[in-house]
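Trainee: Please take me through this model, one question at a time. Start with the pockets.

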Amino acid sequence: MNLNSLDLNLLTALDALLREANVSRAAMRIGLSQPAASHALQRLRDIFGDPLLVRTGARMELTPRAQALRAPLAQALDQVRGLFVPDDFDAARSERPFRLMMPDLAVELLMPPLMEKVTRAAPNVRIDIVPWRGPAIFHAEFARTIDLVISIGNAFKGFHRQLLYTDSDALAVRRGHPMGAKLKRREAFLAARHVGVIIRGNAEDLIDTWLLTKGIERHISLVVSGYLEALHVAARTDLVAFVPRRLIAALSKQLGLVAVAPPLDPGIDEQFMFYPTRAQMDPGSIWLRRLMLETGRELEQAKRKLP
């Protein structure tokens, strides 16, 4: 291989393709259009003489050659990035403010353990949390003020993303709810009165978006703008909240809630950390991202059995 003829940007594209095993998600990860990512994949196939990604049914899978490339490529890119990293971030002396955007559920699950780490390592660093807003109203001027975004897999222009933790949804009801475990049955679920959560920037509760694809419409009696509000209402009424299971577990004892499996399984939710491309090599950003990813891993590995 003549390195003079190699576009090194292709290595970044290759890394994204190997991590995501999906052209569209890889494009979003590195800020390319889907056609540009497809073109990069074709060039990489020509260079390596291997298809790298092959379609198996509805999914794309890595070839053995692609699997073998993952670890050495990630290591090589980390070494290259290290060449451009300036002096280390002095966390113990820093008074830097960081601005994070996330929904209330992420604040509840992530910020207490994160702040324990921040306080130990950087007692004078300040974290400002701003309310979550969708990509449609995430304009460029606002984006320049944000250091991290915690969100589901929507695209934020000019931001890279990394998987933080996974979750699933369940029904939250107050302990002693008259329907209780009966809500596992479809007819009881449809007869119940629900509290919907429509976060700023969304047109409807994402659960209802999914349910409508199944031809199901819930009986929504109340709409609130956050998951914590929904849980507080469910704890004091007979309304049912369809919310992330980890959040129910975190507040079940405090609010007197129980989690009930829904009659339809919406699958796994992926919560991502987004960080600005402009800050990819910034030592302070790298430090905070490392702590956030560590917090997400701890949440993922927690031994507590979710209700």
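Trainee: How do the residues of the lining of the second largest pocket divide into nonpolar, polar and charged?

Mentor: This is a predicted model: local features need pLDDT of at least 70, side-chain atom pairs count only at pLDDT 80 or more, and totals for chains, interfaces and linings use all residues. Residues are numbered from 1 along each chain as its sequence is written, and side-chain values use heavy atoms, without hydrogens and water. Ala, Val, Leu, Ile, Met, Phe, Trp, Tyr, Cys and Pro count as nonpolar, Asp, Glu, Lys and Arg as charged, the others as polar. The split is 17 nonpolar, six polar and seven charged.

Trainee: Which residues lie nearest the centre of the second largest pocket?

Mentor: A pocket is an open set of points on a 1 Å grid where a 1.4 Å probe fits, with protein on both sides within 12 Å along at least five of seven lines; lining residues have an atom within 4 Å of a point. Here 30 residues form the lining. Nearest the centre are Ile152, Asp169, Leu206, Tyr227 and Asp269.

Trainee: Which element gives the most to that lining?

Mentor: Elements are DSSP runs numbered from the N terminus: helices are H or I, at least four residues, and strands are E, at least two. Helix 2, strand 6, helix 8 (206-213), strand 9 (240-244) and strand 11 each give two or more residues to the second largest pocket. With five residues, the top contributor is strand 11.

Trainee: Which residues are closest to the centre of the largest pocket?

Mentor: About 770 Å³ of space lies in this pocket, counted as probe spheres set on points joined across faces, edges and corners. Its lining has 26 residues. Closest to the centre are Asp15, Arg19, Arg29, Gln162 and Tyr275.

Trainee: Which element supplies the largest share of the lining of the largest pocket?

Mentor: Eleven lining residues are nonpolar, four polar and eleven charged. Six residues, the largest share, come from helix 1.

Trainee: Now the core. Which element gives the most to the largest nonpolar core?

Mentor: Such a core joins buried Ala, Val, Leu, Ile, Met, Phe, Trp, Tyr and Cys residues through side-chain atoms within 4.5 Å. This one has 59 residues, and Met101, Phe138, Leu231, Trp287 and Met292 touch the most other members. Seven of its residues come from the top contributor, residues 104-121, helix 5.

Trainee: Beyond its neighbours within four places in sequence, what is tryptophan 287 in contact with?

Mentor: Tryptophan 287 is among the core members that touch the most others. Contact means heavy atoms within 4.5 Å. Its partners are Phe89, Ala91, Phe98, Val118, Ala121 and Ala122.

Trainee: How many residues are in the second, separate core?

Mentor: Ala16, Val23, Leu41 and Ala66 are included in this core. Its count is 23 residues.

Trainee: Is leucine 52 buried or exposed?

Mentor: Leucine 52 sits in the loop between helix 3 (34-48) and strand 1 (53-56). Its phi is near 65°, positive in a residue other than glycine. Buried means under 20% relative accessible area, exposed over 50%, partly exposed in between (1.4 Å probe, protein chains only). At 1% relative accessibility, leucine 52 counts as buried.

Trainee: Where is alanine 21?

Mentor: Alanine 21 also has a positive phi, near 50°. Its place is the loop between helix 1 and helix 2.

Trainee: What share of the residues in the protein is buried?

Mentor: The protein has eleven helices and eleven strands. Its C-alpha atoms fill a box of roughly 70 × 55 × 40 Å along the principal axes. Of its 307 residues, the buried share is 46%.
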